[in-house]
Amino acid sequence: MELKEKQKKILEEAIELFKEKGYLGSSVRDLANKLNIKAASLYAHIRSKEVLLEWICFGIAHEFFMELQLVKNTNVPPKEKLDLFINKHLSVVLKNPDVTHIYSNEWKHLEERSSEFVELRKKYQSEVENLIIEIYRAEKWELKSPDFTTKFILHTLNNSYFWFKKNPDSSLEIIDEIREKILYGLLGKK
């Protein structure tokens with residue numbers, strides 16, 4: 001969905017507000033105060049507070065899917081494909097740490113489109129799991145639990161925003177550390 005300029009500004013302020021107070025702790029009045037407008041004026045640009053959460057969650061999910069498709073369509077050796085996936089996913093997280101935080105922690109407050117979002121997350125997890133299975137098979141690595149391995153990797157990647165925020169000048173080192181832990185920690189060898 002293409003947002004108008006005013007909607008983009010509202011969304012930027014909503015991201016800050018949700019990051020500071022959480023989705024449930026934030027009100028339309030709080031958002032209006034941040035924008036220095038009357039709360040009633042916001043409704044000329046947004047339908048509800050929930051639509052802002054939808055824009056955040058579905059927007060970053062779309063970015064994750066786009067990067068995953070690039071990885072899947074790349075013709076590189078399997079181990080490099082896993083490395084590329086980690087890099088692509090982390091690039092989205094690094095570019096959007098606050099949005100990733102909201103996506104990871106506040107999505108459960110979606111009401112109208114909750115089931116649609118849950119299905120979207122399941123689809124992404126399934127596609128990542130298939131990619132991991134393909135990589136493990138090609139490399140002849142043992143994969144005892146594809147579901148657990150996928151959830152472990154996604155949880156680690158999605159929550160890496162914490163490390164980036166805590167150490168903003170060390171992003172490359174953090175990416176290397178995460179990549180090493182996932183690639184070699186899971187395999188137990190280099």
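Start by selecting Phe148 and His155: both are exposed, and they sit on the face of helix α8 that is turned away from its buried side. What you have open is a predicted model, so keep that in mind as you click around.

Now widen the selection to the whole of α8, residues 146-158. This helix has 13 residues and reaches 18 Å from its first C-alpha to its last, close to the 18 Å expected at 1.5 Å a residue. Next, pick out its buried residues: Thr149, Thr150, Ile153, Leu154, Leu157 and Asn158. They share one side of α8 because they cover an arc of only 150 degrees around the axis. Turn the helix in your viewer and you can go from that buried side to the face with Phe148 and His155.

Step back along the chain to Lys140, in the loop between α7 (114-139) and α8. Is Lys140 buried or exposed? It counts as exposed, because its relative accessibility is 75%. Check the backbone here too: Lys140 is not a glycine, yet its phi is positive, near 60 degrees. Most residues other than glycine have a negative phi.

There is another stop with a positive phi, so select Asn36. Asn36 is not a glycine either, and its phi is about 60 degrees. You'll find it in the loop between α2 and α3, following α2. With a relative accessibility of 70%, Asn36 counts as exposed.

From there, slide back into α2 itself, residues 28-35. Which residues of this helix are buried? Val28, Asp30, Leu31, Ala32 and Leu35 are. To see what covers them, show some more helices: α1 (5-21), α3 (39-42) and α4 (49-72) are among the elements doing that. Try colouring each of these helices separately, with the buried residues of α2 shown as sticks.

Keep Val28 on screen and add Tyr43, which touches it. Tyr43 also touches Ser48, leaving aside residues up to four places away in sequence. Tyr43 belongs to the loop between α3 and α4. Its relative accessibility is 45%, so Tyr43 counts as partly exposed.

Time for a distance. Draw a line from the C-alpha of Tyr43 to that of Thr149, back in α8 where you began. How far apart are Tyr43 and Thr149 in space? The line spans 43 Å, and the two residues are 106 residues apart in sequence.

Finally, zoom out and show the whole chain as a cartoon. There are 10 helices and 0 strands, so your viewer's cartoon should follow the pattern α-α-α-α-α-α-α-α-α-α along the sequence. The C-alpha trace spans about 60 × 35 × 25 Å along its principal axes.

Switch to a surface next. The chain exposes about 10800 Å², and carbon and sulfur atoms supply 51% of that area. Of the 190 residues in the chain, 43% are buried. Colour by charge and you'll be looking at 31 positive and 30 negative side chains. The centres of those two sets lie 1 Å apart.

One last thing to try is a contact display. Among contacts with a separation of 6 or more, 67% are between residues 24 or more positions apart.

Notes:
Residues numbered from 1 in each chain as written. Predicted model: local features only at pLDDT ≥ 70, side-chain atom pairs only at ≥ 80, totals over all residues. Heavy atoms only, no water. Helix = DSSP H or I, 4+ residues; strand = E, 2+ residues; numbered from the N terminus. Buried < 20%, exposed > 50% of the residue type's maximum accessible area, 1.4 Å probe, protein only. Contact = heavy atoms within 4.5 Å. Areas by Shrake-Rupley, 256 points an atom, 1.4 Å probe, with all protein chains shown as cover. Lys, Arg positive; Asp, Glu negative; His and termini not counted. Charge placed at Lys NZ, Arg CZ, Asp CG, Glu CD. Expected span 1.5 Å × (residues − 1). Arc of directions from axis to C-beta.
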